[in-house]
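Trainee: I should like a close look at the salt bridges in this structure. Please explain where they sit and what they connect.

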Amino acid sequence: MPVVSTILIWREGETLYSRITTNVHRRQLLARLSALGIVEWVDDIDAYFADRADGGNGYELKWKPHVRWDDLPLLLGRL
């Protein structure tokens, strides 16, 4: 069952980022990333709260340098 409802992907210089909106807490998100084998690809996860008026939790994921743009739709689509 998907835990993510919104995914945004962008690049700043050579670094890829994603923002996701979810109804699960950080602990559950990390468990899901780990279960899917994705957590090792993430360099950093920060909370953001731009979506709180609409409910849910928001997280910004900074991806490790080896992650390519083309990898992200497949990886994040599994969340």
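Mentor: A salt bridge is a side-chain nitrogen of Lys or Arg within 4 Å of a carboxyl oxygen of Asp or Glu. By that criterion, a search of the whole structure finds three salt bridges. The model is predicted, so local features need pLDDT of at least 70 and side-chain atom pairs count only at pLDDT 80 or more, whereas totals for chains, interfaces and linings use all residues. Residues are numbered from 1 along each chain as its sequence is written, and side-chain values use heavy atoms, with hydrogens and water left out.

The setting for two of these pairs is an open sheet of four strands, in the order E1-E2-E4-E3 with antiparallel pairing. Strands (E, at least two residues) and helices (H or I, at least four) are DSSP runs numbered from the N terminus, and two strands pair if DSSP finds at least two bridges between them. Strand E1 (4-12) and E3 stand at the edges with a single partner strand each, so one side of each has no neighbour in the sheet.

Consider Arg19 and Glu60, whose closest N and O atoms are 3.0 Å apart in a salt bridge. Arg19 belongs to strand E2 (residues 15-22) and Glu60 to strand E4 (residues 57-63), so this pair ties together parts that are 41 residues apart in sequence. The two strands run antiparallel and are joined by six bridges. Buried means under 20% relative accessible area, exposed over 50%, and partly exposed in between (1.4 Å probe, protein chains only). Glu60 is buried, at 19%, whereas Arg19 is partly exposed, at 28%.

Strand E4 also contributes Lys62, which meets Asp43 in a salt bridge (3.7 Å, N to O). Asp43 lies in strand E3 (residues 42-48), so this pair ties E3 to E4 across 19 residues of sequence. Both partners are partly exposed: Asp43 has a relative accessibility of 43%, and Lys62 has a relative accessible area of 28%. Lys62 in E4 also has Tyr17 standing opposite.

Helix H1 (residues 26-35) packs on the sheet, touching E2, E3 and E4; contact here means heavy atoms within 4.5 Å. The direction of H1 makes about 155 degrees with that of E3, where axes are lines fitted to C-alpha atoms, for helices over the stretch in contact, and angles run from 0 to 180 degrees between N-to-C directions.

The remaining salt bridge joins Asp71 and Arg68, with the closest N and O atoms 3.5 Å apart. Asp71 counts as buried, at 17% relative accessibility.
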